[in-house]
Amino acid sequence: MHYTVRCVSPALILMVLLATGQRGGTGTTDCWNSCQRHVADRALRGRVCGSCLSGGRVDSWVASLGTVRPTPRDALASSRKDEDWRVRWASVRAEAKGKGIAERRVLAEWVASTPTSADLQACLTAARAAAEADQSSATFLREAGARGPEAAARVWARREAIRQALEVELYSEDPRARGSALAHLGTFMGRKPARLLLDATASRPESTDVIGASALKSVALRQRTSVGRLLLEEAKPADAVLVNRLFAVYSRELEELQPELTAPEPRRRDSAVLALGVYGPLARREMERALEDADPKVRGSAARKMAEAEGTSLRVAAERRVEGRDAAVSRPWLEAMVREKGCAGFFLDVAGNPRMPAELRGQALASLADCRESENERVETLSPYLRDSQPVIRAGAVRVLGSMSVRRPEVMDATTRALEDDAPEVVAAALAVVAGQRQSTRGDAAAELLGSEHPVVRAAAARALEAIGRAVHVKVLASCLREDPVPDVRVAAALALGRLGGPHAAAALSDAVARDGDTHVQHVSREGLRRLGFGP
């Protein structure tokens with residue numbers, strides 16, 4: 001049986017999607033409608049309107065005109081009159097591509113050759129194209145050929161009308177247009193967006209404050225800063241009432257974020273913290289609370305957003321926070337620095353500062369273990385810390401060994417010495433390295449440490465056996481599960497038995513399900529049995 005395969009044009013696919021409501025986004029719809037308005041020829045529509053499906057911008061279809069031969073002059077002329085400046089600018093660029101000349105030259109020719117009574121759209125297009133390139137219109141048109149200076153003069157002569165047009169768009173019903181209008185207005189007028197917004201707010205009712213506030217948020221996101229910083233840096237004492245009007249809008253938005261900041265799921269809390277960044281100093285209280293969140297990812301996001309709010313790098317902000325602080329206050333800053341370039345140098349600077357509390361120095365070394373750059377560190381660098389008089393510093397240094405190659409003899413030697421350390425936290429750190437690097441030859445040593453007098457060591461030994469244990473270690477783990485007085489140790493033993501398996505492991509787990517007084521131990525034991533094929 002033979003089938004005929006028919007190719008469906010992108011334009012037809014788009015028509016079907018739009019007709020059935022399955023749209024590729026508002027930009028796709030706007031693009032399609034724009035193309036239909038300006039392209040009258042049905043065959044040409046089929047060639048260019050399909051670009052909307054993949055482009056997703058209102059002007060996506062226009063670029064295709066530059067590749068059509070002969071040049072579709074009617075469509076280009078029509079698009080040059082569109083209300084959206086992006087379509088007009090795209091039309092200029094398409095014509096330039098078709099002629100093989102510079103875009104700015106075509107733009108200057110358009111501005112300079114249009115009658116002064118009808119040149120506002122051309123001048124506004126030039127002003128916005130220049131602002132989008134973060135340049136003044138004079139600079140943008142400087143290299144636009146012989147008519148560049150004339151075009152620049154025409155644009156500047158129209159500055160008041162351009163200002164008014166952009167301010168109208170700043171308060172438009174379309175939220176997507178507001179931010180770019182404010183940013184472009186600032187660049188064109190050579191003034192700060194916050195200053196322009198404050199001036200505009202003074203002449204408008206409070207009912208429009210939400211619109212102006214949203215525009216400044218868009219500008220803050222474009223500039224990777226915050227509305228708080230933009231306003232506080234530009235506002236003068238006389239602006240207090242206007243600033244408070246905008247602050248009131250942002251305060252209401254922050255109140256709406258509160259349920260997400262306390263949501264049970266860490267993912268939702270982290271998303272809410274990331275949303276705080278655009279408010280900057282205005283959200284300081286919320287970000288400080290997030291620094292104490294139970295989830296490390298949320299704490300790290302809060303630290304990064306606080307640094308951004310202060311207009312500084314994360315490292316500078318972290319250095320300020322850890323100076324003279326205890327480990328609990330410094331923890332989120334150390335966690336955030338783990339993913340930053342230069343993390344190894346930062347952690348070693350903290351660890352090597354004798355004025356810092358020992359717990360903080362040890363925590364910095366432990367954080368170094370999670371820093372990718374720690375792979376380049378040598379055991380010689382860690383040697384002073386491995387011999388430090390403070391156990392918490394030695395433990396931190398030992399954890400860094402886990403990020404180094406197990407094939408290096410000096411790493412194995414340092415781990416051996418740490419396993420024999422007098423401090424339980426150092427031994428526990430060494431057992432974590434043994435587990436992480438799967439040092440299989442140390443199984444018997446880990447099993448022996450199940451008899452330690454320190455619960456932290458016994459739990460770490462059981463976790464190590466979960467990674468490197470063998471059948472011969474099941475008996476001692478089963479004994480630990482039945483007899484150890486500390487629930488955390490019994491949990492670790494149950495996890496190890498669930499991995500090692502065998503009839504003796506299953507019996508010990510079954511007994512723990514029936515007899516252990518701790519619900520967590522019962523749960524882990526039940527899961528271990530299920531993993532071994534017993535139970536539902």
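**Note on the predicted model**

1. Counted by the rule used here, there are 42 salt bridges, a salt bridge being a side-chain nitrogen of Lys or Arg within 4 Å of a carboxyl oxygen of Asp or Glu. The structure is a predicted model, in which local features need pLDDT of at least 70 and side-chain atom pairs count only at pLDDT 80 or more, while totals for chains, interfaces and linings use all residues. Residues are numbered from 1 along each chain as its sequence is written, and side-chain values use heavy atoms, with hydrogens and water left out.

2. On confidence, the chain has a mean pLDDT of 89, and 94% of its residues reach 70 or more; pLDDT is the predictor's confidence in each residue, from 0 to 100. Residues 1-24 are another matter: pLDDT stays under 50 there, and the model has 21 contacts beyond four places in sequence for this stretch. Contact means heavy atoms within 4.5 Å.

3. One salt bridge pairs Glu-103 with Arg-93, with 3.3 Å between the closest N and O atoms. Glu-103 belongs to helix H7 (residues 103-113) and Arg-93 to helix H6 (residues 85-99), so this pair ties together parts that are 10 residues apart in sequence. Helices (H or I, at least four residues) and strands (E, at least two) are DSSP runs, numbered from the N terminus. Glu-103 is partly exposed at 31% relative accessibility, and Arg-93 is partly exposed at 40%. The cut-offs are under 20% relative accessible area for buried and over 50% for exposed, with partly exposed in between (1.4 Å probe, protein chains only).

4. Glu-340 and Arg-304 form a salt bridge whose closest N and O atoms are 3.9 Å apart. Arg-304 sits in helix H19 (residues 296-309) and Glu-340 in the loop between helix H21 (327-337) and helix H22 (343-351), so the pair ties together parts that are 36 residues apart in sequence. Both residues are given as partly exposed, Glu-340 with a relative accessible area of 28% and Arg-304 at 23% relative accessibility.

5. A salt bridge within a helix joins the side chains of Arg-315 and Glu-319, at 3.2 Å from N to O. The two residues are four residues apart in helix H20 (residues 314-322), a separation of about one helical turn. Arg-315 is partly exposed with a relative accessible area of 27%, and Glu-319 is partly exposed with 36%. Elsewhere, Arg-284, Glu-288, Glu-310, Arg-320 and Arg-321 are joined into one network by salt bridges that share partners.

6. Some backbone details deserve a check by eye. Arg-69 and Pro-70 are joined by a cis peptide bond, with omega about -5°; Pro-70 is in the loop between helix H4 (51-55) and helix H5 (73-79). Asp-134, a residue other than glycine, has a positive phi near 60°. Asp-134 lies in the loop between helix H8 (120-132) and helix H9 (137-140) and is exposed at 62% relative accessibility. Arg-438 also has a positive phi, near 50°, and is not glycine. Arg-438 is in the loop between helix H27 (424-436) and helix H28 (443-448) and counts as exposed at 55% relative accessibility.

7. The largest nonpolar core has 150 residues, of which Phe-347 and Leu-431 touch the most other members. A nonpolar core is a set of buried Ala, Val, Leu, Ile, Met, Phe, Trp, Tyr and Cys residues joined through side-chain atoms within 4.5 Å. Not counting residues up to four places away in sequence, Leu-431 touches Leu-419, Ala-446, Leu-449, Val-457, Ala-460, Ala-461 and Ala-464. A second, separate core of 18 residues includes Cys-52, Trp-61, Val-87 and Ala-90.

8. H25 and H27 pack with their axes 8 Å apart and at an angle of about 5°. Axes are lines fitted to C-alpha atoms, for helices over the stretch in contact, and angles run from 0 to 180 degrees between N-to-C directions. The two helices, H25 and H27, are therefore roughly parallel to each other; angles under 35 degrees count as roughly parallel, over 145 as roughly antiparallel, 65 to 115 as roughly perpendicular and the rest as oblique. Residues of H25 that meet H27 include Val-392, Arg-394 and Val-398, and those on the H27 side include Val-426, Ala-429 and Val-433.

9. Arg-394 lies in helix H25 (residues 391-401) and is buried, with a relative accessible area of 12%. Beyond four places in sequence, Arg-394 has contacts that include Tyr-385, Asp-388, Asp-421 and Val-426.
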